[in-house]
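Welcome! Take a moment to look over the sequence and the model, and then let us walk through a few of their features together.

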Amino acid sequence: MAGLEALYASARAAVSRPQDALLCGLHWELVRHGYRCLGAGEQPRPDERKSELLPAGWEANKEVYTLRYKSTDDARELLLKAIMVEDSMIVNVMDRTSQKVADVTLAVADYINPEHLDDFHKVYKNMEELRAKIASGIITPLGGPAEKEKKEPEAEKEDPVLPKDYDPLMAPPRQPAGTRAPFWPRPLNPFAVGGEDLDPFGGRSGGMIVDPLRSGFRQPGIDPSTGLPSRLPPGAVPPGARFDPFGPVGAGRGRPDPDHLPPPGYDDMFM
């Protein structure tokens, strides 16, 4: 009920009947939900401005209360009429912007103690029920003033998940995480280490002779029996016959022929 006490104190001189006190409570609930009063009556006045207080002359007619409100964001303007029917107050509110209408009926005796109009601390009762009725009957159907969107707090960055055996004092491995180690083929037996040095032509697995044209990848050989374009017709060389190419084959260069390289010690007459 914060704020209602100050409002009731400022309007106390005009409160003479229980319905006046109930209208004060209704007015304050609208203020709490983002509305401000412009003035009394249906027609606006040139000197009016939005206020949390009740305007002068709000209680002039004890049978019909007419007040105008505007939201703090100027998006809605309400026309409130509270009509007394016997012991109940029928509240009708129209949003002049959207033409929406909401109404609620309040029994004055359920929320006001008529014998304690001079004592704010005793004049109201069942305030939670009164607030709930105003919210469900008026505020919710008409929609409250648009609230500014609140910025959501940025999600905190989560720490990376570390393995259980992680040691911050241990030097990181040379092999990057998530990559495979290079494959190093094992020799057939411990005594096969260095075998490629004894076989320079690569009969085992590589050899010492580097072919710059194939870089370690085998290329299909040439079958001279099928003929050579623009050089030999098909069948000119018998199948399986020894054949040394005498020029470049096709558009590319031919790969080196082991016969073009002299064997080790070819000039040694004692071999």
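## Charged pairs and paired strands

Let us begin with a salt bridge, in which the side chains of Lys81 and Glu42 meet at 2.4 Å, N to O. Lys81 belongs to strand β3, while Glu42 sits in the loop between β1 and β2, so this contact ties together parts that are 39 residues apart in sequence. Lys81 counts as partly exposed because its relative accessibility is 28%. Glu42 is partly exposed too, with a relative accessible area of 35%. Keep in mind that this is a predicted model.

How do the strands around this pair fit together? Strand β1 (residues 35-40) pairs with β2 in the antiparallel sense, over 5 bridges. On the other pairing, β2 and strand β3 (residues 77-85) are also antiparallel, over 7 bridges. A handy residue to find here is Arg68 in β2, which stands opposite Gly39. Arg68 also stands opposite Leu79 in β3.

Is strand β2 largely enclosed or open? Of its 8 residues (residues 64-71), 6 are buried, so β2 is largely enclosed by the rest of the structure. The hairpin of β2 and β3 has 5 residues between the strands, and there Asp74 takes a positive phi near 60 degrees.

Now back to the charges. The structure holds 11 salt bridges in total. Side chains of opposite charge can pair when their charged atoms come close. Three of these bridges are listed here, each with its N to O distance.

| Salt bridge | Distance (N to O) |
|---|---|
| Lys81 and Glu42 | 2.4 Å |
| Arg131 and Glu128 | 3.8 Å |
| Glu29 and Arg131 | 3.1 Å |

The Glu29 and Arg131 pair links two helices: Glu29 lies in helix α2 (residues 18-32) and Arg131 in helix α5 (residues 127-142), so the contact ties together parts that are 102 residues apart in sequence. Both Glu29 and Arg131 are buried; for Arg131, the relative accessibility is 17%, and buried means under 20%.

Arg131 has another partner within its own helix. Arg131 and Glu128 are 3 residues apart in helix α5, so about one helical turn separates them. Glu128 is exposed, with a relative accessible area of 59%. Which residues do shared salt-bridge partners join into one network? Glu29, Arg32, Glu128 and Arg131 are the ones joined in this way.

How values were computed: Residues numbered from 1 in each chain as written. Predicted model: local features only at pLDDT ≥ 70, side-chain atom pairs only at ≥ 80, totals over all residues. Heavy atoms only, no water. Buried < 20%, exposed > 50% of the residue type's maximum accessible area, 1.4 Å probe, protein only. Helix = DSSP H or I, 4+ residues; strand = E, 2+ residues; numbered from the N terminus. Pairing = 2+ DSSP bridges. Salt bridge = Lys/Arg side-chain N within 4 Å of Asp/Glu carboxyl O.
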